[in-house]
Amino acid sequence: MPRSGLHTVAGRALAARGASVVLAASVSLVAGCYSYKPLAVASVPARTEVRLVFSAEGARQLREAGGFEMRQLDGIVVRTLADTAVLMKPSALITVDGDELPWRRGDLLVPWRTVAQSQQRTFDKRRSRGFAAVMGAVFTGVVYFALKSIAGGGGATAQSGGGVPE
């Protein structure tokens with residue numbers, strides 16, 4: 001008796017592939033929907049996700065604290081110290097040489113005078129809608145071809161008999 005649909009090896013593999021596409025799409029949807037907007041230095045509340053881009057002089061000044069000449073630092077604001085500095089919990093940095101490195105030390109005190117540009121990570125609704133539309137189309141295509149494969153038998157079946165009739 002031939003098996004069809006998700007009972008075949010091909011059907012199970014197709015279902016697993018579809019599930020991994022959905023998982024990848026979900027992760028990408030969450031990760032891909034953020035952008036960085038300019039940030040006013042004086043109004044940075046705690047727990048704000050920020051990106052700080054350093055001036056050339058600022059990168060040299062922070063070498064001792066960070067161990068690298070940093071071009072950019074991503075992290076979360078712990079607290080702002082008036083208009084002079086910000087205490088951050090960094091997550092990653094990019095060196096002036098372009099190397100992207102994880103931050104493995106504790107909090108970092110960054111003087112505002114070293115920062116050339118500050119940005120806040122924000123949820124981007126426009127990008128999210130566009131990305132969701134594209135991923136919806138991809139998901140629809142995967143489901144369509146999965147259902148088409150299931151309806152078609154999902155794979156080869158063994159035939160008994162002597163071959164081509166005469």
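The following paragraphs go through the nonpolar core, a surface patch and two loop residues of a predicted model. Local features need pLDDT of at least 70 and side-chain atom pairs count only at pLDDT 80 or more, while totals for chains, interfaces and linings use all residues. Residues are numbered from 1 along each chain as its sequence is written, and side-chain values use heavy atoms, without hydrogens and water.

In soluble globular proteins, nonpolar side chains tend to be buried together. Here the largest nonpolar core (buried Ala, Val, Leu, Ile, Met, Phe, Trp, Tyr and Cys residues joined through side-chain atoms within 4.5 Å) has 17 residues. Buried means under 20% relative accessible area, exposed over 50%, and partly exposed in between (1.4 Å probe, protein chains only). Val-50, Leu-52, Phe-54, Met-70, Leu-73, Val-86 and Val-110 have the most contacts inside this core. At least two core residues come from each of β2 (49-54), β3 (70-81), β4 (85-95) and β6 (108-111); strands are DSSP runs of E of at least two residues, and helices are runs of H or I of at least four, numbered from the N terminus. Leaving aside residues up to four places away in sequence, Leu-73 touches (heavy atoms within 4.5 Å) Val-50, Arg-51, Leu-52, Phe-54, Met-88, Pro-90, Ala-92, Leu-93, Leu-108 and Val-110.

Helix α4 (residues 125-151) contains Val-143, which is partly exposed because its relative accessibility is 32%.

Most residues other than glycine have a negative phi. Arg-47, in the loop between β1 (34-38) and β2, has a positive phi of about 70°; Arg-47 counts as exposed at 73% relative accessibility. Ala-82, in the loop between β3 and β4, has a positive phi of about 55° and is exposed, at 58%.
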